[in-house]
Every structure is written in C-alpha cells, then in structure tokens.
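Trainee: Could you help me see how the words used for a protein model follow from its numbers?
Mentor: Gladly; let us look at it together.

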Amino acid sequence: MSVFVDETTKVVIQGLSPTSQGLYHGLRNRSYGTNIVAGTNPKRGGEVIEGIPVYATVTEAVEATGANASFISVPPPAAAAAIIEAAEAGVPFVVCITEGIPMHDEARAFNLLARDFPGTRLLGPNCPGIISAGKCNIGITSGDIALPGGPVGLVSRSGTVFYQALYELTLKGIGQTTGVGIGGDPVPGTSFMDVLAAFEEDPETRAILMIGEIGGSAEEQAAELIRDRITKPVVAYIAGVTAPPGRKMGHAGAIVSGTHGTAKAKMDALAAAGVTVAENPTEAGELMAEVVAKLG
Amino acid sequence: MDLYEYQGKQYFARYGIPTSPGAEADSVEEALEVAARIGYPVVLKAQVKVGGRGKAGGIKLAAGAEEVREHAAAILGMDIKGHTVHRLWIERSSEISREWYASFTLDRSAKKHLCMLSAKGGVDIEEVAASDPDAIVRRHIDPVEGLSAAQAADLVARAGLVEGLDEAEASSVSTQAAELLVKLYTCYVEGDCDLAEINPLILTTDGRVHALDAKVTLDDNASFRHADWADMAATDDMDERERLAREKGLQYVGLDGFVGIIANGAGLAMSTCDVVEQVGGEPANFLDIGGGANADQMANALEVINSDPKVRSIFINIFGGITRGEEVANGIVQALDRVELKAPIVIRLDGTNAEEGRSILAQEAAGRILSSPTMIEAARKAAELAGEPRVRTGGTSREGSVR
C-alpha cells in the first residue's frame, strides 16, 4: 500500500511540449514505472510526443485515457489556471511543482478547490511531488534515491531536504512506502496533517519521518495532531535551527518573525507531542533506524 | 519587496485610499520647495524600512521654512538602527482626532486572508495584541468571495471606531472607514501585496478618514504582471554581498561566519547552515541557487561567495531534483575559469544526474575541488578548511571539534 498514488495511478502531464520541464521529468517518471497516459496542450491536441498522446484539454485527456492524476510544471503565470482546469476535469489528485506562483493566485485556487471541487486533492505548489517507492513517481524526485518496501512514510515541506531524507533512509537500508513533498509555499494544497492522517490509515506505513522548516505554524499544528491522533512513531527534523530572525531564507514561507516560527519552538512542540526530534537529516536517518529496529 | 512609506502611500493612492498631500525630497533645498508647494505646517519623515523612526528623531513637525531647513539637515544622513536616511517624505501636517489600525495579510494557518482592525492605532500593534487582544477585531476573508461592503461596515462597527461620536458624524465616519477598508482590500489583492497595513489610520478633526502611514510588502512572485515594480526596487539598504546576489537572481542572506555556503533549495540551504554549525563551523551566508539552476547560476553564486572577504572555505551542497548534476558541475568548471577563487571548495553532489556531474568534475576540475560523499562529511571538511572552529557546547553535536 501507499498513500494518494500507487501502481494503478494514470498520469496526465499538463502543458506538454517537446521543450517543457513537464516532458523532461515526465519521461524520467515514466522510466521509473509511472503510468504516463496523456499530455495536454491547447496548441498540440492530436500530436504524440515521445509516445505520449496529447489532448487539447484535461477533460479530453481524462475522457480518452481515464487519467486519475495530473502533473503540472507550467510557468507561474499559468499555474493556477492549470490547477483549476484539472479540478474542473474531475482529476482527483493534482501535483503542481511550479515555483513562484503569486500568493493571491495560490490562495484563490486553494479556496476554489475547497469550495467547488472537494474531490480534488492538490499537492504543492512548489513541491518535489510524490513517490510511491517502486510504483509511481510524479514530480522531480530522482527515483533512484527511494527504496521500495516500507515501512517508513516520509513527508516534507522542504524539497531538497526531502531528497536528502529519502536518501538517508535508503543508505541505511530503510525502505519507504510513500514520500510526499508538500512544498513550502504559503498555501499548500496538502498539509502535514493530511499526509500524517493518510499514513496513520495506511497499514504498510509503520513509522513516519517528518521534515519541517522554520516559519509559519504548520509544524506546531502537526504536533497537535500527532499528540491526539497518530499512534505510529514519528521522527522529525526542522531545517533552519541557525536561521537569523527577520530574514526570508529563500522564500516567503521560511521566515522567523520575533519568537514565532523558530526551529526551536517547532522542535519543542514536536518533542512534547512524543516525536523523536533530530538535529540534522543524517541524525534523522539514524534515529529512524533505531525506531524501525524496534518495530520488529 | 518592502516599500518605503512614500512608495506605499503612492501605491495606496492608485486605489483611491486617501493620504495627505506630500512629496519626497532628497536634499534640504528640495525639502524647502516641497514644503512651500504643499503649504505649512508640514511633517518631515525619514524614509527608512525600520520601525521606531519617531523615537530616533526621524519625524519632525515644521511650521515654517527655517524649521524645514533645520530638521531636513538633521534627518538626512541620520542613522536609524543601521539604516542611513537618504530621503524624506514631506506631507501636510494633519490635525488628528483619532488613531486606528487596519491591515490585510494572509493567515497561513487558516489559508484565508485576514483583516485586522483596531480603534487602538498609532502604537505597536503587536503590543496591543499582547496587552489587549480584544481591542483588535479580526475577520477572515475567503479569497474567492472577497470583502463585501456589508462585511467592511460590520468590521468598522465591531471595532468601535466611531464610539462616542455624535450620530451624524458617526454615520459619515463609518461610511468613510468601510469604504477605505474595501479599497485597501482591493489594493492588497489587485496590487499583489503580501501585507497592506495602515498604522495609524486617522480621523482628522474635520471629520476625514485617511492613511497617515503606509506599510506595504509586495509579493515578488507577482512582479511578472507589474512592470512598474522595477522602479520601486531599492537596493540601497542591502549589504554589498546581498546587492550583488540579488542582481544575479540568487537568494542570499549574509551571516557572520567563514564557511561560504551554496545549496539548491531553501530547505537544504538552511539545513546546510545547521550542519556546518553543528560540526563546529560558522556559516558565512545562506545561498539558495534555486530550483532548476543552470551552469550560469552556479558560476554567479561562486562569484558572490568569492566577493566575501570573510569566506575561508566554500561548501557546495547539491541534491538534484529539478536541478541537474551536470549543470551544476559545468557551472563550477565555468566559475573556475572565470574567477580566481580565494577559498577551497568542498562539494557534495547527489540526485538527478549526479553521476554525470561527478565525472565532469573529475575530468575538468581535478585537484581544484574536494568531493565528499555525504553532507555531514563535506560539512566537516569545509569547517576544517575554514579553520578555528568554535567548540560547540550544548546541542547534540557529537563531535566537539572537527580537528
């Protein structure tokens, strides 16, 4: 088992063209074993690119191929519209890796989905995507760093620390059920809480590795959920222990304002909820190895 | 991007939000011209992006030309919390009857916009929030639905802005305040602001509501649909390293240590700083070359790091996803050809096309850079090369020293 995607997932790549990021990463996803069934491009309906049939709209692609997931990597000005198009076409799982979408576009798209398309889950934007080890990889994660077989579910706000954490687990011989990169943007479609709840439900996931970062309060909210509802062991690492207050560390999400949003506050909240807290990604892998050894 | 007060007020004016007549001045002579044009008495306000201007002597009232001359000379060039004043905003002085607070921003936990309105304005709103939280009225606004006139009127009523005014004035003032809130929301949304804040929002003694200050943060991600924003981008308050990095489109934050850091992604860049510190080194900077960075970006990043005289070693930590290993390697090779690097490089390269990247480096940059298989080992090596590592007490760093 895995969460959100598995070997039955059929993916449509939105905004497919011979030079698009979507094609580059889509082909990498396909060689990983992901079932890429279609692409969309209003100007290229009817074409076939690298063996992928292209349709003018997502609705047509879904009708023709039964696609049940979409992959969006179009540039920021077009990304919110692409998310909404996927939702309108009834796609239940939408992965958007686009970085740099204006906050207001993102906030509108999220709330429109919540109100009018509750059947659609958005992952991202500005995330690495999702990898169900050995089954399905949608996004920009290099598939060879994941190890199939479980028992760990990984969820991360940071993209590159997501890779680092996957890799630390793999180096220690610890497999993953699913790795989910939720992204560090201000309004993520899928939250820590959504993924933690899904891992709690998934019988093959027996331990959870959570990667947070400074800024906002998503980790504190997750800590509450873990305390109240998650029975599986959780190990966590928060990036940005040494970040100075008041400075944006690369993107708007990662900022410490006053005493709010510090790594320390998040680590304390998680520790108080019974989470094993690591100081760096390598230690997170080591601590998870101890947890997994105890699972028996 | 944070705007100066004068830019914020000019931005507000585009959306019909009332402000006092005024203009900016960069010299005593200009200040005198502006003051004469708008009419006395005037207020001279230091334009720096930091709070506490009043206390520092950066805001002065002037009844006539002599006082303008005196205050402008004193404020221009003044240092306010490390920011040098290069510009004044001069506006007609207002007769204040009441001071309020109004703002719009995103509430990330609710995933909706948040309006905050308070009858207690003119002071630090965080202090009000701590000492008298009920004095701030909050309302979430659904980004799809927007803010209606009725909701704005309700906010004004709940905040008690017009309490104690006679009936006729209360009605006029309520209407003005509610209209202003709707305009401020429009500015916040259509103007692509992360924050639109007025503190204080004032009621004048002759019954008019207007913005006496402006704090606006623009969402840099939306700059593609606001061509005019380029004119407002000020770089004069950044340190030299940060200015250079921004010009090259890199995310850079200067720190105080000796290990120059380049990583891809904000999270990994922060994590790299953490790990360097945990093994006894001190990061000189945070630098995120961004997702999908190409060879040119990597070369630019190395140039920026190289311009920092404090840097004694450079740690390049790349985990390829959308960023491709061979691009990173090519960038390093380019940079080695383009600039004389003053510090040794340690690199850790994994992820997308890491093999290709490593082999390019082995062929083209052999002997000039050190390669390390893991993030922690690379951090240790970089800290060691930077020398004089601090011995960390506390934390869970398991090595006291890297030597």
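Mentor: We will go through some salt bridges, the residues that form them, and one helix. This is a predicted model, where local features need pLDDT of at least 70, side-chain atom pairs count only at pLDDT 80 or more, and totals for chains, interfaces and linings use all residues. Residues are numbered from 1 along each chain as its sequence is written, chains are lettered from A and ligands numbered from 1 in the order in which they are written, and side-chain values use heavy atoms, with hydrogens and water left out.

Trainee: What makes B:Asp213 and B:Arg53 a salt bridge?
Mentor: A salt bridge needs a side-chain nitrogen of Lys or Arg within 4 Å of a carboxyl oxygen of Asp or Glu. Here the closest N and O atoms are 3.4 Å apart, so the pair fits the rule. These partners sit 160 residues apart in the chain, B:Asp213 in the loop between β11 and β12, B:Arg53 in the loop between β2 and β3. Helices (H or I, at least four residues) and strands (E, at least two) are DSSP runs, numbered from the N terminus.

Trainee: Why is B:Asp213 called buried?
Mentor: Buried means under 20% relative accessible area, exposed over 50%, and partly exposed in between (1.4 Å probe, protein chains only). B:Asp213 has 16%, so the word buried applies. B:Arg53, at 10%, is buried too.

Trainee: How many salt bridges does the rule give over all chains?
Mentor: The count is 32. Another of them joins B:Arg225 and B:Asp192, at 2.8 Å from N to O. B:Arg225 lies in the loop between β12 and α7 and B:Asp192 in the loop between α6 and β10, so the bridge ties together parts 33 residues apart in sequence.

Trainee: Are those two residues buried, exposed or partly exposed, and how do you know?
Mentor: B:Arg225 has a relative accessible area of 35%, so this residue is partly exposed. B:Asp192 has 2%, so that one is buried.

Trainee: How do you know that α6(B) reaches about as far as expected?
Mentor: The expected span is 1.5 Å times one less than the number of residues. For the 24 residues of α6(B) that gives 34 Å, and the distance from first C-alpha to last is 34 Å, close to that value.

Trainee: Which residues of α6(B) are buried?
Mentor: Among them are B:Ala170, B:Val173, B:Ala177 and B:Leu181. An α-helix has 3.6 residues a turn, so residues three or four places apart point the same way.
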